Amino acid sequence: MKKKATEIDAILDRYPGEPRYLISLLQDVQAEYNYIAPENMTLICDHVGVPLTQAWSVATFYKSFSLEPRGEHEIRVCCGTACHLKGSERLAQSLERDLGVERGHTTEDLRFSLDTVNCLGACALAPMVMIDDDYIGGATQRGIRKYLKKI
Ligand code: FES
């Protein structure tokens, strides 16, 4: 009986088994699952023939890769200079308290991932928070709580 190909097999089949396809595969797996699970990392390494340590260094170097499951909603608090001066650290701390998760991590129910970034490119509107694709300028703790309740 022919074994049904899994999603990960289908992704691996997109690229020849050569080391130069490591990043492409990591990107595709990240896009499909929203993170790179250890077992998928091993399958990728076996496929392209690179050591696991090399793949881990690549995946931990680039911020676009996540090694833990990401939440349904991504919250990014800008902690660049302009936003920091306007109180973004307090915003980040209140989000950590409200969500019960430290920055760089995801809530247990996989609803929210909380991160800080260095600049969202809208310093004039500091403090800035980005939730999924929405930019929220002049962010306040109250405003962010209200926004999160809506979603
Ligand atoms: S420092 Fe926050 S948007 Fe630039």
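V77 touches S88, L91, A92, L95, T116 and V129 once residues up to four places away in sequence are set aside. The residue sits in strand 1, and this strand is a handy place to start looking at the chain, here seen as a predicted model. With 28 C-beta neighbours inside 10 Å, against the 20 needed, V77 counts as buried. One of its contacts, L95, is 18 residues away along the chain, and the two C-alpha atoms are 9.2 Å apart. Another contact, V129, is also the bridge partner of V77 in strand 4.

That bridge belongs to a wider piece of pairing. Strand 1 (residues 73-78) and strand 4 (residues 129-131) run antiparallel and are joined by 3 bridges. Helix 6 (residues 88-99) packs on the sheet and touches strand 1, strand 3 (112-117) and strand 4. The direction of helix 6 makes about 150° with that of strand 1. Strand 1 also pairs with strand 3, this time in parallel, through 6 bridges. Within that pairing, R76 stands opposite D115 of strand 3.

Put together, the sheet is open, with 5 strands in the order 2-3-1-4-5 and mixed pairing. Strand 2 (105-106) and strand 5 (134-136) take the edges; each has a single partner strand, so one side of each is left without a neighbour in the sheet.

The packing around V77 carries over into the largest nonpolar core, which has 16 residues. Those that touch the most other members are I75, V77, C78, L91, L95, M128 and V129. Strand 1, helix 6 and strand 3 are the elements that give two or more residues to this core. Helix 6 supplies the largest share, with 4 residues. There is also a second, separate core, made up of 11 residues, with L12, L22, L26 and V48 among them.

As for the domains, the assignment splits the chain into domain 1 (7-61) and domain 2 (73-150). Their centres, taken over C-alpha atoms, lie 30 Å apart. The named members of the second core, L12, L22, L26 and V48, have numbers that fall inside the bounds of domain 1. V77 and its listed contacts, from S88 to V129, fall inside those of domain 2.

Stepping back to the whole chain, the secondary structure amounts to 7 helices and 5 strands. In sequence order, these follow the pattern α-α-α-α-β-α-α-β-β-β-β-α. Along the principal axes, the C-alpha atoms fill a box of roughly 60 × 30 × 20 Å. Of the 151 residues, 23% count as buried. Among contacts with a separation of 6 or more, 56% are between residues 24 or more positions apart.

The loops between the strands hold a few backbone oddities. Most residues other than glycine have a negative phi, and most peptide bonds are trans. Against that background, the bond between A126 and P127 is cis, with omega at about 0°. P127 belongs to the loop between strand 3 and strand 4.

Two further loop residues go the other way in phi. L110, in the loop between strand 2 and strand 3, has a phi near 60°, a positive value in a residue other than glycine. With 13 C-beta neighbours inside 10 Å, L110 counts as partly exposed. D132 is found in the loop between strand 4 and strand 5, and its phi is positive too, at about 50°, although D132 is not a glycine. Exposure is where D132 and L110 part ways: D132 has 10 C-beta neighbours inside 10 Å and so counts as exposed, whereas L110 is partly exposed.

Confidence in the model can be read from pLDDT. The chain has a mean of 94, and 97% of its residues reach 70 or more. By element, the lowest confidence is in strand 2, with a mean of 93, and the highest is in strand 4, at 98. Strand 4 is the strand that holds V129, the bridge partner of V77, while strand 2 is one of the two edge strands of the sheet.

Conventions. Residues are numbered from 1 along each chain as its sequence is written. This is a predicted model: local features need pLDDT of at least 70, side-chain atom pairs count only at pLDDT 80 or more; totals for chains, interfaces and linings use all residues. Two strands pair if DSSP finds at least two bridges between them. Two residues are in contact if their C-beta atoms, placed from the backbone, lie within 7 Å. Axes are lines fitted to C-alpha atoms, for helices over the stretch in contact, and angles run from 0 to 180 degrees between N-to-C directions. A residue is buried if 20 or more other C-beta atoms lie within 10 Å of its own, exposed if 12 or fewer, and partly exposed in between; C-beta atoms are placed from the backbone. A nonpolar core is a set of buried Ala, Val, Leu, Ile, Met, Phe, Trp, Tyr and Cys residues joined through C-beta atoms within 7 Å. Domain bounds come from an automatic or database domain assignment. pLDDT is the predictor's confidence in each residue, from 0 to 100.
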